[in-house]
Amino acid sequence: MKQMRSRFRLLTLLLACAFLLTVVLCAGSVLRSAGITLASLSSLSPLSGTATPDSTASPKLSPGAETTPAPEASPAGSGLPGTDISPEPEYNVFGL
Amino acid sequence: MNKQRVSARFRFTGAALLLSALMFLVPAVQSGDQRLYLLAVLVPCLMFLCGTLLARVFSLDRMLLMLSLWLCAVGIAALALSDPEAALAQPLRCGAGLAALLAGGILVRSLSPSLLTSVCSAFIGLLLLAGKLIAPSFAFPLEQAALAILLLSFSSLFARQGPVSAALMGAAALALLLVRGSIMEALLWGSVLLMLLFAADGRLMIVLPSLAVVLILVFAAFRLFPVPGAPAGSALPDALVSAGAFGADTLPEVLSLPNSESLLPRLAGHYGLVFTGLTVLLFLPLFLRGSSAAVYARTRFHAMLAMGASLLLVLRTLAALLSALSFLPLSGADLPLLTVSLPDLCAQLFLVGLLCGISGRNDADLAEDAHLAMLAG
């Protein structure tokens, strides 16, 4: 019985390591599919989760930012009240 | 010390119930679906009732029970957002599975390694595997149930008759699985057999011939029966990435596979990769608890049964993860307890029930030893 128990402990250890290795492997596969590598992870800025002005999701975060593109979209619309379209609030890519 | 254990257990149970309620409540508030509100009340209540009553009345291992209930709740949540009707049917399947868990927990306390146990369980297990060969129209998937019953026979034969008869019975089951074409189940069963033979006996004259038999059978099966590839596996990593770290509002089409019994893609699609990864990690404490029940079992029969059940669960988890991401060129493995297949869910909860029963028996033996020591002192 003692030898059996020690072999059980050995099997448990091996399988626990195999499990963790599998989880790491799967996580790495998913991250690789997303185009995220170790090199890109080390060069990530820490504020990538918040709404940054230079994020590619959307630049429209406040009505004040509309003053620059508005003349291009509607050249005669600077004085007309009907063209004041309030922008929809944009969410970040995580939907928070 | 007992008060500390009770308060830790209370906190663990409370946290599990709160998380399970939030898992349904947040989507219910977002979508306004009445069925999700019903699930937000039903699932935590059932978890609480089953987790406390069953553990107390039948002396089952509480941690294993709560982990299994939590995984069942996650399976219901995976269906809830995209298919609320199916999500309402899943608790019924889980209920049937809990009946199988109870049956396993009660059975393991009353069973002993007798010739009757060995012969009856071997006969039932081999008959379930041969059913498809005898009646080809019988398409009910009973491989996992058969393996659970055959594990009883293997442990009983090994404890009573020795390794040779147990290995022969195991090889017969392996051959039947390969002839049926269930390559994944055959690989899992073969691996469990070899590990149990190594752990319980360890003699090279037993382990090496068994390894040779398993390799020859698997090689012959691969030659005679070509293995179909995993059709959806190659696209799954990209599909999982599309779900994002915290899930998508609408399930990507490639993740809502209509004929798939696995709930892993749906879970990743709705709740994201972080939650899915944490859920997968819960299988590790399940395995560790099961193997600790095996190590502390008093008899060889219970030790092998507990270790075999733990190995079946953990190897199935590994196979499911590897085949989902195309590391294994095989299909057909679902994560344990995260499936809509009723026979498979019942078989897996039966294995958990065996573990709960053996762990409960170990605690009872320890308490009896402490009582005897107190009387002697």
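A residue counts as buried when its relative accessible area is under 20%, as exposed when that area is over 50%, and as partly exposed in between. These words recur in the legends below, and every view comes from a predicted model.

**Figure 1. The helices of chain B.** Chain B is a helix-only affair, with 14 helices and zero strands. Read from the N terminus on, its elements are simply one α after another. Of the 377 residues in this chain, 53% count as buried. Take the contacts in chain B between residues at least 6 apart in sequence: 73% of them join residues at least 24 apart.

**Figure 2. Where chain A meets chain B.** Here 23 residues of chain A touch 38 residues of chain B. The two chains bury about 2700 Å² between them, and 82% of that is on carbon and sulfur atoms. Who gives up the most area on the chain A side? That would be A:F8, A:L15 and A:F19, which together make up 25% of what chain A buries against chain B. Sorted by class, the chain A side of the contact has 16 nonpolar, four polar and three charged residues. The count of salt bridges between the two chains is zero, but five residue pairs are in polar contact across the interface.

**Figure 3. Cysteines without a disulfide.** Search the whole structure and you find zero disulfides over all chains. B:C45 is in none, and its nearest cysteine sulfur, in B:C50, is 11 Å away. B:C45 itself is partly exposed, at 43% relative accessibility. Then there is B:C72: why is it not bonded to B:C94? The two sulfurs are 4.0 Å apart, and that is too far for a bond; the cut-off for a disulfide is 2.5 Å. B:C72 is buried, with a relative accessibility of 5%.

**Figure 4. The surroundings of B:D61.** B:D61 sits in the loop between α2 (34-58) and α3 (62-80) of chain B. Is this aspartate buried or exposed? At 2% relative accessibility, B:D61 is buried. A polar atom of its side chain lies 3.0 Å from the backbone nitrogen of B:L64. The B:D61 side chain also makes a polar contact of 2.9 Å with the side chain of B:R289. Setting aside neighbours within four places in sequence, the contacts of B:D61 are B:R289, B:C356 and B:S359.

**Figure 5. B:I149 on helix α6.** B:I149 belongs to helix α6 (residues 143-160) of chain B. Which residues does it touch, leaving aside its neighbours within four places in sequence? They are B:S121, B:I124, B:G125 and B:L128. For a look further along the chain, take B:D334, which is 185 residues away from B:I149 in sequence; their C-alpha atoms are separated by 20 Å.

**Figure 6. A buried salt bridge from B:R316 to B:E185.** This pair is one of six salt bridges that turn up over all chains. The closest N and O atoms of B:R316 and B:E185 are 2.9 Å apart. It ties together distant parts of the chain: B:R316 is in helix α13 (residues 300-324) and B:E185 in helix α8 (residues 183-200), 131 residues apart. Both ends are tucked away, since B:R316 has a relative accessible area of 4% and B:E185 one of 7%, each under the 20% that marks a residue as buried.

**Figure 7. A partly exposed salt bridge, then a network.** B:D369 and B:R298 pair up in a salt bridge, with 2.5 Å between the closest N and O atoms. Again the link is between distant parts of the chain: B:D369 is in helix α14 (residues 342-376), while B:R298 is in the loop between α12 (283-295) and α13, 71 residues apart. B:D369 is partly exposed, with a relative accessible area of 34%, and B:R298 is partly exposed too, at 41%. Elsewhere, salt bridges with shared partners join B:D33, B:R35 and B:E85 into one network. Within it, the side chains of B:R35 and B:D33 meet at 3.3 Å, N to O. B:R35 is partly exposed, at 28% relative accessibility, whereas B:D33 is buried, at 18%.

Key:
Residues numbered from 1 in each chain as written. Chains lettered and ligands numbered in written order. Predicted model: local features only at pLDDT ≥ 70, side-chain atom pairs only at ≥ 80, totals over all residues. Heavy atoms only, no water. Contact = heavy atoms within 4.5 Å. Buried area = accessible area lost by both parts, 1.4 Å probe. Salt bridge = Lys/Arg side-chain N within 4 Å of Asp/Glu carboxyl O. Polar contact = N/O pair within 3.5 Å; in protein donor to acceptor, adjacent residues only side chain to side chain. Nonpolar A, V, L, I, M, F, W, Y, C, P; charged D, E, K, R; others polar. Buried < 20%, exposed > 50% of the residue type's maximum accessible area, 1.4 Å probe, protein only. Helix = DSSP H or I, 4+ residues; strand = E, 2+ residues; numbered from the N terminus.
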